[in-house]
Amino acid sequence: MSAATATTLTDADARIPLRGHLRHTGALVRRNLLWIRQDPESMFDALFMPIVFTLLFVYVFGGSIGQALGGGQERYVQYVIPGMLAMMSMTLSQGVGTGFSQDFNSGVMDRFRSLPIGRGSVLFAKIAVELARMLFATAILMVVAVLVGFHIHHWTGLFATVGLSALFASSIMWVFLTLGVMLKNAQSVQGVGFLVLFPLQFGSSIFAPTKSMPGWLQHFTDYNPLSTLADAARGLMVGGPVAHDLWVTVIWSVGITAIMAPIAIHKFRTKT
Amino acid sequence: MTRIDNPAGASHAVHVRGLVKHYGETKALDGVDLDVREGTVMGVLGPNGAGKTTLVRILSTLITPDAGRATVAGYDVVRQPRQLRRVIGLTGQYASVDEKLPGWENLYMIGRLLDLSRKDARARADELLERFSLTEAAKRPASTYSGGMRRRLDLAASLIGRPAVLYLDEPTTGLDPRTRNEVWDEVQRMVGDGVTVLLTTQYMEEAEQLADELTVVDRGKVIATGGIEELKARVGGRTLRVRPVDPLQLRPLADVLDELGITGLATTTVDTESGTLLVPILSDEQLTAVVGAVTARGITISAITTELPSLDEVFLSLTGHRASAPQDAEPADTREEVAV
């Protein structure tokens, strides 16, 4: 009964194969899905955000901004729904960071980190579940959108848009995961999150065209990935130029992921 | 990289030399040496802030040491963390289970994370829930469990991978005495299965119940190490409290015991206020002798208890100063009833 000396694992034995990573991520995805089943209220934001924000923007600002666009409220619906998609991909991504710092305050993260699993698995699982939540919110958004009069001109464009916002959202999630690992509690993650989110969302073409904004702000909005995501979504679903905005969004997403994913995994690995 | 063999400590499941970990000015570990023989229980006794948890965290690869070397089952904590994680089980100071998940799901998840097949993970979860008497609570979220149930689930979780070395970091801190006994029973069963255990504790009684050997730490340093009996002898053994039914019998009782010639560190004293006699003893043989003498003289007694030295007394005796860190409100509860 001397397992201690009988086992001799070489470095190669200890390497985790791809199948192993998938199995570990799968087990952790299951965990996060069970959380939702245990606590259905955690889906409230994904359920109500698309409803509340769409109704607010369409019926509060729709008339006046629609006029500026040379139409009415119907015109604004066509404008703002793709923007809503961009907004949600950013706002819902925050949840990934808050849930994460909660995990760290319980002992379960120590257990995970003392298990022979890839350090990324815990993070990938969080992202996978958060993307599923986002897909759910997107479905709700599209139902509400159609009810308030949104016309989807290109169905393939809709799917491309969902893919693009998922890509962008996952890159933003790495940012919030990093914050989740570094900051002490859920509240500070949310606090810092708002500071980043608000300027990005309102300093963009999500809710209103940027033409009437001052020049310096226009420069900001032109490079704001939320603008390019919203504009790409408009082009894809409603029609109009797409290529430029699409590429800028993809470059942003890939760039943010390339920088933040290694930082998040490193911070996670070395967190004491 | 190759496995680091350690001929001298070949039979040591845990081998630690000169381990150092500083947090700024604080020396959490300041050159710790420790050896745990395979299949034995090593108790690491010390107050809060002595460095016990830091030691466990290094040995479970959660943090890296600043200096020194440590191997577990032959694997180096810094250079072979992935191998090491395959052979250890960890039970933290607070139950490290996912409170939102049902007990069964917790165990199944860890089984999958340890690369068991779905079928094996299911079977292992069932088996361990059964063993830890949690089958009925299997489907309830762990947040609805009592403190003792949570610890048991935590222990079950740390056993899923059939670890060669198990760390129990203050497994009973904050538990009531009855629950604590349950946890002790479980730990003793695990030891019976041949697992090597590194147990940290603040309680002398816990160390005595579970450990084969004891290492006493204070301010990041090992201040004493050895067998339990050996250390207890150094500290002064136990104090026996005897209360005769008739307080007038106190004096004759003291005379009887004086005749036995039992001398611990202190001499026999009479506590007239509580009507008890305090006898320092060093061994169970001496305890038996006292009981025999009392019976032989026909003195009726209403209570007889032994008290272990408290952690404070251990410290005072070993270091000459009181335990350095402020103690929690919970004093080391060191009373045990002796069946007469």
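In this predicted model, the buried residues of helix 4 of chain A are Ala46(A), Pro50(A), Thr54(A), Phe57(A), Val58(A), Gly62(A), Ile65(A) and Gly66(A). These residues pack against helix 5 (73-91) and helix 8 (119-147) of chain A. An α-helix has 3.6 residues a turn, so residues three or four places apart point the same way.

Helix 4 of chain A covers residues 44-68, and at 1.5 Å a residue its 25 residues should span 36 Å; the end C-alpha atoms are 34 Å apart, which agrees. The helix nevertheless bends by about 70° at Gly62(A), a residue that also belongs to the buried set. Just after helix 4 of chain A comes Gly70(A), with a positive phi of about 85°.

The UniProt record, an unreviewed entry, places the feature "transmembrane region" at residues 47-70, 76-101, 122-152, 158-177, 189-208 and 246-265 of chain A. Two of these spans may be set against the model. Residues 76-101 of chain A are 92% helix and 0% strand, with end C-alpha atoms 39 Å apart. For residues 158-177 of chain A the span is 100% helix and 0% strand, and the end C-alpha atoms lie 28 Å apart.

The account now passes to the contact between the two chains. Here 40 residues of chain B are in contact with 31 residues of chain A. On the side of chain B that touches chain A, the elements giving two or more residues are helix 2 (81-87), strand 6 (88-91) and helix 3 (103-113) of chain B. Helix 2 of chain B provides the largest share, five residues. By character, the residues on this side of chain B divide into 20 nonpolar, nine polar and 11 charged.

Chain B itself contains 11 helices and 15 strands. Of its 340 residues, 47% are buried. Among contacts in chain B between residues at least 6 apart in sequence, 70% join residues at least 24 apart.

Part of chain B forms an open sheet of four strands in the order 2-1-4-5, with antiparallel pairing. Its edge strands, each pairing on one side only, are strand 2 (26-37) and strand 5 (75-76) of chain B. Strand 5 of chain B is joined by two bridges to strand 4 (residues 67-72) of chain B, and these strands run antiparallel. Within this pairing, Thr71(B) has Asp76(B), in strand 5 of chain B, as its bridge partner.

Further along chain B, strand 9 and strand 10 pair in the antiparallel sense over six bridges. Val216(B) stands opposite Ala224(B), which lies in strand 10 of chain B. The two strands form a hairpin with two residues between them, and Arg219(B) in the turn has a positive phi of about 50°. Arg219(B) lies in the loop between strand 9 (213-218) and strand 10 (221-227) of chain B.

Most residues other than glycine have a negative phi. Against that background, Glu170(B) also deserves notice, as its phi is near 45°, a positive value in a residue other than glycine. Glu170(B) is placed in the loop between strand 7 (165-169) and helix 6 (177-192) of chain B. How do the surroundings of Glu170(B) and Arg219(B) compare, buried or partly exposed? With 22 other C-beta atoms within 10 Å, Glu170(B) is buried, because the threshold is 20 or more. Arg219(B) has 19 other C-beta atoms within 10 Å and is therefore partly exposed.

Terms used: Residues numbered from 1 in each chain as written. Chains lettered and ligands numbered in written order. Predicted model: local features only at pLDDT ≥ 70, side-chain atom pairs only at ≥ 80, totals over all residues. Buried ≥ 20, exposed ≤ 12 C-beta atoms within 10 Å, placed from the backbone. Contact = placed C-beta atoms within 7 Å. Pairing = 2+ DSSP bridges. UniProt positions renumbered as here; feature names shortened; annotations may be inferred. Nonpolar A, V, L, I, M, F, W, Y, C, P; charged D, E, K, R; others polar. Expected span 1.5 Å × (residues − 1). Bend = angle between axes of the 7 residues up to and from the residue.
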